[in-house]
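Hi everyone, thanks for coming. I'd like to walk you through one strand and one pocket, so please have a look at the model first.

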Amino acid sequence: MRFAAVDMSTFGTVRLAFDDGRSAEVATGLEAVKALRAFTKGIRREHVRCWTRDPDSAFRRLIAEGHMPAPADLRAGDSGVGAVDLGPRLRMVSVDSLLPGPLVDQLDIDGPPERVLDYCTRAQRAVCDALGEEPGTSLARMALDGVRAWGRPWAYPEPEGGPMTEASRACLHGGYAEVWQADELVTEEGQAPPDYLGAPGSVLPDGWTLVDEDRSSAYAAEASRPLPSVWCPAVNNAGAAGGALVEASVDLEGFTGVAIPVRVKVGRGVRQFPADRGAWRGWWTSPVLEYAAARGAKVTVHKAIGWKDARPYLEPGMAQLFRAKMNHARGTVERATLTAAMQRAVGSLARRTPTDRWMDAARLESMDAVELEAEGVEVDLGRFGGLALVRCKEGPETPRGTCPVWTAFVVGWAWVGMCERVEAARKVGGRPLYADTDGLLWARPPGVEGLEYGERAGNWQVRDTPAWSWVERSKMYLRGRGENVTGFASAGIPRARMLEYLRGNEAPTRVESVREQAGRRSGAPAEVKMWAERKAR
């Protein structure tokens with residue numbers, strides 16, 4: 001497989017870079033497609049994957065210039081377009097499938113494609129060197145295939161779906177995330193916050209400090225534990241030696257723990273949140289229920305799917321990734337990629353077959369109820385450029401190489417580990433401010449040196465000692481000392497643009513994605529103004 005990169009926004013010059021060292025600039029998207037096809041033709045049998053930072057913009061431009069892809073040439077992504085087939089053996093793909101999200105946010109969208117191609121090449125090489133995998137465009141697939149290859153053989157007992165698969169997916173949740181500090185800004189005593197963040201909402205008592213902790217490769221550590229291996233109906237009990245998926249009622253009256261994960265159906269979807277009170281019925285893995293029961297919750301078991309044995313299937317591959325990660329410096333593309341590879345390998349064990357796909361809008365209009373049912377079309381998400389984005393019924397089967405049971409246990413253990421860390425901080429008199437599965441921000445009282453730390457996978461480490469922190473919601477936070485931002489997440493706004501905004505420049509704007517435009521049945525880009533409105537407030 002060969003690679004290229006393209007910077008094709010909705011206007012201006014199109015820039016190209018190829019893995020043989022060549023680069024080019026052309027005036028239109030159609031000329032860029034011709035150049036890519038010529039490159040593909042010149043290497044005969046090999047397939048070419050062309051990286052792009054923004055497949056939505058490229059797709060819009062190609063349509064505006066008269067290149068109308070057929071529905072079969074499109075792959076749906078998070079924003080509407082994930083990949084576009086531009087010819088035989090030639091596909092334009094989003095860098096999001098390979099590069100970690102925080103790293104993508106730091107890339108200069110208007111920067112040279114040579115930089116994107118270099119980052120993608122380095123990311124691929126990091127995983128290939130660690131696991132012996134061939135280069136690919138999906139970090140999740142490369143990581144999962146490599147990790148499974150290093151472990152002992154195992155086959156999921158229910159590949160066509162069924163009760164076990166349904167129970168596993170009901171046990172999955174989005175990880176622990178909670179904000180305890182109601183005020184917008186927290187600072188140490190005597191430390192003035194940056195002016196652009198406004199007046200402080202809360203100042204810690206004299207002598208208190210802020211501690212920003214990170215759990216090193218949390219999911220890799222949990223995935224290295226013994227995982228359920230041998231199942232038969234005879235061991236369907238909540239206390240099975242290899243662990244169990246358990247349907248239970250949990251009454252949290254008298255509960256002294258931090259929280260348990262709760263899923264509640266809302267319309268077609270599901271809301272997930274941490275609960276520390278109330279009575280709930282649902283599916284949980286046995287470790288989560290053991291944590292709840294040990295801290296005073298009343299657990300009533302209704303049904304269980306258990307395993308009589310457990311073995312460390314993923315430990316060798318995860319250890320390889322962790323060792324490779326530690327050989328690279330913090331902040332490098334390679335280290336960020338290997339960290340994400342461990343997370344995505346776990347997530348891929350529970351992945352589902354994508355249900356969104358593109359169809360010809362005229363064909364969709366002509367279909368009757370029987371035809372729609374036969375094709376599994378459930379929702380018309382909207383139209384764009386003569387095409388329709390639709391959501392189809394999800395099949396019960398699990399895609400190749402997946403095992404949702406293992407993912408349910410890994411995220412359950414990670415949840416319990418986070419709760420235990422919060423409890424440890426409280427035990428020494430600390431005040432938790434924010435947590436997100438593998439990270440904890442807390443205020444430490446004077447005279448307390450801290451908690452236990454280490455350098456191995458799963459150990460907690462001090463990431464920083466910030467002078468102030470600002471948390472707006474679970475995925476919108478900043479941490480820093482003085483005017484320097486050291487910890488950061490911004491819910492969809494690229495890091496560089498968000499920092500410029502916080503330093504007093506114009507609010508970042510975002511062009512609507514193809515999915516958003518399709519939902520509005522509009523083809524004209526529009527700016528999202530919520531950041532400007534927030535700045536005014």
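Which residues point one way from β22, and which point the other way? Keep in mind that this is a predicted model. Okay, so G439, L441 and A443 go one way, while L440, W442 and R444 go the other way, and all of them are buried. Here's the general idea behind that: in a regular strand, side chains alternate between the two faces of the sheet.

Now, buried here means under 20% relative accessible area. For β22, residues 439-444, that holds for 6 of the 6 residues, so the strand is largely enclosed by the rest of the structure.

Who are its partners? One is β11, residues 209-215, which runs antiparallel to β22 and is joined to it by 6 bridges. If you want a pair to find on screen, T209 has R444 in β22 as its bridge partner. Another is β21, residues 431-435, also antiparallel to β22, with 4 bridges. There, A435 is matched with L440. β21 and β22 make a hairpin with 3 residues between them, and in the turn you'll find T437, with a positive phi of about 70 degrees.

Okay, on to the pocket. The second largest pocket has a volume of about 710 Å³. It's lined by 26 residues, and the closest to its centre are E166, A170, R263, K265 and V270. Where does the lining come from? α6, β14, β15 and β16 each supply at least two residues. By class, that lining has 10 nonpolar, 8 polar and 8 charged residues.

That's me done, thanks!

Key: Residues are numbered from 1 along each chain as its sequence is written. This is a predicted model: local features need pLDDT of at least 70, side-chain atom pairs count only at pLDDT 80 or more; totals for chains, interfaces and linings use all residues. Side-chain values use heavy atoms; hydrogens and water are left out. On a 1 Å grid over the protein atoms alone, a cavity is a set of points where a 1.4 Å probe fits but cannot get out, and a pocket is an open set with protein on both sides within 12 Å along at least five of seven lines; lining residues have an atom within 4 Å of a point. Grid points are joined across faces, edges and corners, and a volume is the space filled by probe spheres set on the points. Ala, Val, Leu, Ile, Met, Phe, Trp, Tyr, Cys and Pro count as nonpolar, Asp, Glu, Lys and Arg as charged, and the others, Gly among them, as polar. Buried means under 20% relative accessible area, exposed over 50%, partly exposed in between (1.4 Å probe, protein chains only). Two strands pair if DSSP finds at least two bridges between them.
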